[in-house]
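Hello,

Here is the structure I promised to pass on to you. Please have a look at it first, and then read on for what turned up in it.

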Amino acid sequence: MTIESFLTDKFCKAIEKLYLQTIDINQIQIQKTKKDFTGDYTINVFPFLKISKKTPEQTASEIGNFLKNNLEEINSFEVIKGFLNLSFSDSFWINELNKTSEKTENTLTDSKNILIEYSSPNTNKPLHLGHIRNNLIGHSLSEILKATGNHVTKVNLINDRGIHICKSMLAWQKWGNGITPGKANIKGDKLVGDFYVLFDKEYKKQIAELLAKGKTQEQAENETVLILEVREMLRKWEAGDAEVRKLWITMNNWVYNGFEKTYKILGITFDKTHYESQTYELGKKEVYKGLEKNVLIKKDDNSICADLTDDGLDEKVLLRSDGTSVYITQDIGTAIMRKNEFYADKMIYVVGNEQNYHFQVLKLVLKKLGYDWHKNISHLSYGMVELPQGKMKSREGTVVDADDLIDEMFATAKSISDELGKLDGLSEVEKTEIVKMVGLGALKYFILKVDPKKNMLYNPVESIDFNGNTGPFIQYTHARIKSVLRKANEISLNVPEKVLENTEINETEKSIIKLIADFKNIISEAATELNPALIANYVYTLAKEYNQFYHDFSILKEENTDKRNFRLFLSSVTAKRIKDSMRLLGIDVPERM
RNA sequence: GGUUCCGUAGCUCAGUUGGAUAGAGCAACAGCCUUCUAAGCUGUGGGCCGCGCGUUCGAAUCGCGCCGGAAUCACCA
């Protein structure tokens with residue numbers, strides 16, 4: 001039971017006793033008391049004045065007195081206007097801290113079968129900062145949902161077919177001279193991406209030529225040699241042409257090898273990988289079935305559409321007039337395949353907010369096709385990462401490349417470490433490990449601390465900070481605590497498993513305990529809201545509070561044994577909380593830094 | 001133009017089931033290392049919470065209308 005529900009219950013009973021009336025527990029607003037006031041929890045008595053028929057102050061005082069007299073946990077209270085500020089006893093809080101040693105600490109409640117899709121790259125270009133955000137959110141959410149007891153399956157859906165991939169392939173055929181990632185000594189995704197850009201460059205040239213000959217923009221775009229060739233290539237691909245398929249497999253594998261390296265360094269993993277090329281045919285079948293059931297319509301030009309006008313949307317094409325599939329066709333197939341394969345209670349798609357409309361349509365189409373479970377699909381629509389000059393555009397070269405950014409983080413972490421001399425005396429292997437941990441910590445925290453739903457800004461000139469509200473700050477706090485605990489061990493001071501309830505504690509220590517006791521609430525909130533930023537904000541607050549404590553009070557030199565034991569225990573639990581929180585964000589914490 | 005989302009300190013972000021005096025970090029300035037890691041701690045300045053009207057005892061938070069920005073409205077993915 002949480003402290004809040006405990007208080008709600010007692011408050012209800014107090015009202016019943018005092019005013020002989022029952023109330024709806026939803027009327028009770030409990031919140032943590034603000035820092036400027038004395039108290040731990042605050043209850044607003046305004047809603048109950050009609051029942052008490054007294055002033056706010058009188059009502060709050062009466063209830064406060066009742067609670068204080070009837071609950072040993074409550075020590076004192078203060079009334080300011082309609083606010084009843086309740087203070088719990090120190091021993092209550094120490095007891096809360098002691099509970100962290102108990103096994104029941106990790107009791108989990110949810111047990112849904114959740115499938116989460118994230119990453120979902122195209123195989124025609126390397127990963128950039130936007131993909132990093134996607135991957136980090138997906139990974140973190142998976143961890144958070146697991147932490148609340150769910151069974152989670154992490155799935156990557158690779159967009160491995162379509163005209164955009166043919167563009168890279170065609171460019172390679174024409175101008176590649178048989179180059180491979182090995183010969184060029186670059187990552188495969190980079191090489192393929194270069195050819196994609198090259199195609200676009202040459203394509204634009206040809207458009208310009210046609211425009212000069214007096215064609216309209218639309219004509220020019222559709223009549224260049226390149227676009228005709230690439231469409232022919234796509235047609236061959238769909239027809240299973242051996243040569244095209246072979247090149248397709250080769251180039252896609254180059255890309256996968258490149259992605260693999262980036263995923264590995266970021267610590268991103270999947271339980272299952274799906275490929276669009278393997279699901280679009282199932283999607284097609286479903287569309288035909290829908291046509292037979294008369295829930296879809298066939299237009300005069302033979303294209304098949306869903307009429308969504310009743311839901312306030314337009315008609316949506318599901319199969320082209322030539323019978324080939326569009327993007328949403330495979331998503332229909334994929335969803336159905338997943339539902340059948342994983343018996344998912346819930347399917348979460350971590351996909352950018354630019355696809356909000358797509359998911360609205362997808363759900364409605366599945367509904368039309370008779371799949372009741374369409375309501376178990378949720379689109380975690382995350383915001384774009386923008387640059388000071390606006391959106392990243394791969395064709396204009398304004399993308400922040402994932403690998404480059406990661407390397408930059410490592411370099412910065414290294415130069416700061418060298419400058420501070422913090423890692424002197426460690427082996428090169430250890431140094432490298434810590435530098436990578438800190439560099440990644442900075443990057444991951446920078447991204448995850450922002451509400452996923454919101455667009456965020458990355459300024460390459462300012463880059464990512466290592467001081468203040470940052471990953472390294474939190475990692476540093478962990479390393480600091482570990483350092484104290486090592487020193488304690490050296491002088492044979494053991495961290496106790498529990499501490500005495502009557503130990504005298506100060507306000508800073510109490511604040512830390514309150515944060516520690518709040519951990520579970522935060523995790524379940526993050527799980528329901530699908531929001532890792534809540535964990536990030538939590539762990540930052542905890543680290544900040546601990547640093548103040550660390551600065552203001554001595555641990556090892558405290559002469560009172562009970563206090564010293566308490567502080568050692570508090571430090572140890574804080575380190576554990578920091579580590580656990582950061583793990584939920586996919587961030588490792590070092591023992592020293 | 002329709003739909004959806006966003007607008008909080010110079011900058012990046014918290015805070016929203018309506019509650020007390022709106023918080024952090026960065027940047028600026030001023031302090032704190034003979035004492036457990038200064039990637040730290042303390043302090044100063046900085047705000048018509050986009051604008052207006054409404055609902056309410058009470059609005060950054062809810063409603064309506066403006067203004068500004070983004071995404072989307074493809075037989076692209």
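Let me start with a single residue: Thr329 is buried, and its relative accessible area is 0%. Please keep in mind that this is a predicted model. Thr329 sits in helix H13, which covers residues 327–342. Which residues is Thr329 in contact with, once its neighbours within four places in sequence are left aside? They are Tyr280, Gly283, Lys284, Val287, Leu318 and Leu319.

Now for the overall picture. Chain A contains 21 helices and 15 strands. Its C-alpha atoms fill a box of roughly 90 × 65 × 45 Å along the principal axes. Of the 593 residues in chain A, 51% are buried. If you take the contacts in chain A with a separation of 6 or more, 74% of them are between residues 24 or more positions apart.

Next, a sheet that is worth finding on your screen. It is an open sheet of five strands with parallel pairing, in the order E7-E6-E5-E11-E12. Strand E7 (272–275) and strand E12 (377–382) are the edge strands, each pairing on one side only. From one strand to the next, the twist averages 25 degrees. Helix H14 (residues 356–368) packs on this sheet, where it touches strand E11 (346–352) and E12. The direction of H14 makes about 175 degrees with that of E12.

Within that sheet, strand E5 (residues 113–117) and strand E6 (residues 151–158) run parallel and are joined by five bridges. Glu117, for example, has Val155 as its bridge partner in E6.

Strand E5 is also the place of Ile116. Is Ile116 buried or exposed? Ile116 is buried, because its relative accessible area is 0% and the cut-off for buried is under 20%. Not counting residues up to four places away in sequence, Ile116 touches Gly138, Leu141, Ser142, Val152, Thr153, Lys154, Val155, Ile348 and Val350. Val155 therefore appears twice here, as the bridge partner of Glu117 and among the residues that Ile116 touches, while Ile116 itself is buried. As a long-range landmark, the C-alpha atoms of Ile116 and Ile578 are separated by 25 Å, with the two residues 462 apart along the chain.

Finally, the RNA. There are 65 residues around RNA strand B, and those that come nearest are Asp301, Arg320, Lys422, Tyr476 and Phe553. By type, the residues of this surface divide into 24 nonpolar, 22 polar and 19 charged. Several elements each supply at least two residues of the surface: strand E2 (41–44), strand E4 (83–88), helix H15 (402–420), strand E15 (456–457), helix H17 (471–490) and helix H20 (533–552).

Which parts of RNA strand B lie within 4 Å of the protein? Of the RNA atoms in that range, 62% belong to sugar or phosphate, and the rest belong to bases. An example on the phosphate side is Lys34, which has a side-chain N or O atom 2.6 Å from a phosphate oxygen of RNA strand B. On the base side, a polar side-chain atom of Asn44 lies 3.2 Å from a base nitrogen, and one of Ser321 lies 3.0 Å from a base nitrogen.

I hope you enjoy exploring it.

Best wishes

Definitions and conventions
Residues are numbered from 1 along each chain as its sequence is written. Chains are lettered from A and ligands numbered from 1 in the order in which they are written. This is a predicted model: local features need pLDDT of at least 70, side-chain atom pairs count only at pLDDT 80 or more; totals for chains, interfaces and linings use all residues. Side-chain values use heavy atoms; hydrogens and water are left out. Helices (H or I, at least four residues) and strands (E, at least two) are DSSP runs, numbered from the N terminus. Buried means under 20% relative accessible area, exposed over 50%, partly exposed in between (1.4 Å probe, protein chains only). Contact means heavy atoms within 4.5 Å. Two strands pair if DSSP finds at least two bridges between them. Axes are lines fitted to C-alpha atoms, for helices over the stretch in contact, and angles run from 0 to 180 degrees between N-to-C directions. A residue is near a molecule or strand if one of its heavy atoms lies within 4 Å of it. A polar contact is a pair of N or O atoms within 3.5 Å; within protein, one must be able to donate a hydrogen and the other to accept it, and residues adjacent in sequence count only if both atoms are side-chain atoms. Ala, Val, Leu, Ile, Met, Phe, Trp, Tyr, Cys and Pro count as nonpolar, Asp, Glu, Lys and Arg as charged, and the others, Gly among them, as polar.
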